[in-house]
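Trainee: I would like to go through the labels used for this molecule and see what stands behind each of them.

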Amino acid sequence: MKNLKLIIGIALLTLSINYVSAQTEPIDKNGLANGGYDLVSYFTDSKATKGNDKFSVEIKGVKYLFASEAHQKAFKANPKSYLPQVDGYCAWAIAEKSAKVSVNPETFKVVNGKLYLFFNGDFNGSPFNTLPEWNKDEKNLLAKLPENWAAIR
C-alpha cells in the first residue's frame, strides 16, 4: 500500500508539472539551460537573475546565459563549480521520491558550495514549494541524494 501511494504521488507530481508556467526543465527543447537564469548569480549575488543572450556560453549543445561578462568569464573558467546538482532537477524530488521533476529557477539553495534547485508551483490545484520540505530534513536528504540520483539518472 505504501508503494502504491508513492507511485501515485510521483505520477501526480510529474503530470502536474506540465501545467505550471513557473517550472522549467533543466534544458529546454531549444537547448537553453536553467530557463535562461545566470548560474553564477546564485553564488555571487545569492539570488536568481535572468541571463542575457549577449553573455552566453555553449557547452555540448547546451546554452547558458549570464547577466554580466564577469559571470560569463567565471563560468567559462570553471563550469563544473556552478552547475546545479542532479543535472538541475528538483533536489527534494530526487532525494525523497526518486523522481525527476522540473524546477522553478527562482527557488534554490547553495549548500557547501553546491547549487540545489527546487519545484515551486501548482500541485493539484494547490501551491507546493519543495524547498521548505528540503529544509526540514536537509541532512538526511543530502545523504540520500547521490544514491537516488545514481539509480534514476
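Mentor: What follows is a set of questions on salt bridges, burial and one helix, all of them about a predicted model.

Trainee: What makes Arg153 and Asp87 a salt bridge?

Mentor: The N to O distance between the two side chains is 3.9 Å. The rule asks for a Lys or Arg nitrogen within 4 Å of an Asp or Glu carboxyl oxygen, so the pair qualifies. Arg153 is in the segment after α6 and Asp87 is in the loop between α3 and α4, 66 residues apart.

Trainee: Why is Arg153 called exposed?

Mentor: Its relative accessible area is 61%, and exposed means over 50%, so the word applies to Arg153. Asp87 has a relative accessibility of 44% and therefore counts as partly exposed.

Trainee: How do you know that Glu96 forms a salt bridge with Lys144?

Mentor: Their closest N and O atoms are 3.5 Å apart. The cut-off is 4 Å, so this pair is counted. Glu96 belongs to helix α4 and Lys144 to helix α6, so the bridge ties together parts 48 residues apart in sequence.

Trainee: Are Glu96 and Lys144 buried, exposed or partly exposed?

Mentor: Glu96 is at 33% relative accessibility and Lys144 is at 35%. Both values lie between 20% and 50%, so each residue counts as partly exposed.

Trainee: What makes Lys109 and Glu138 a salt bridge?

Mentor: The N to O distance is 2.8 Å, which is within 4 Å, so the rule is met. Lys109 sits in strand β3 and Glu138 in helix α6, 29 residues apart.

Trainee: Why is Glu138 called buried?

Mentor: Glu138 has 19% relative accessibility, and buried means under 20%, so the label holds. Its partner Lys109 has 26% and is therefore partly exposed.

Trainee: How many salt bridges does the rule give?

Mentor: The count is 6.

Trainee: Which other residues of α6 are buried besides Glu138?

Mentor: Leu141, Leu145, Asn148 and Trp149 are buried as well. The buried residues of α6 pack against α4, β3, β4 and α5.

Trainee: How do you know that the span of α6 is close to the expected one?

Mentor: The helix has 15 residues and reaches 20 Å from its first C-alpha to its last, against an expected 21 Å at 1.5 Å a residue.

Trainee: Where does α6 bend?

Mentor: The bend is at Leu145 and comes to about 35°. A proline, Pro146, follows within four residues.

Notes. Residues numbered from 1 in each chain as written. Predicted model: local features only at pLDDT ≥ 70, side-chain atom pairs only at ≥ 80, totals over all residues. Heavy atoms only, no water. Helix = DSSP H or I, 4+ residues; strand = E, 2+ residues; numbered from the N terminus. Buried < 20%, exposed > 50% of the residue type's maximum accessible area, 1.4 Å probe, protein only. Expected span 1.5 Å × (residues − 1). Bend = angle between axes of the 7 residues up to and from the residue. Contact = heavy atoms within 4.5 Å.
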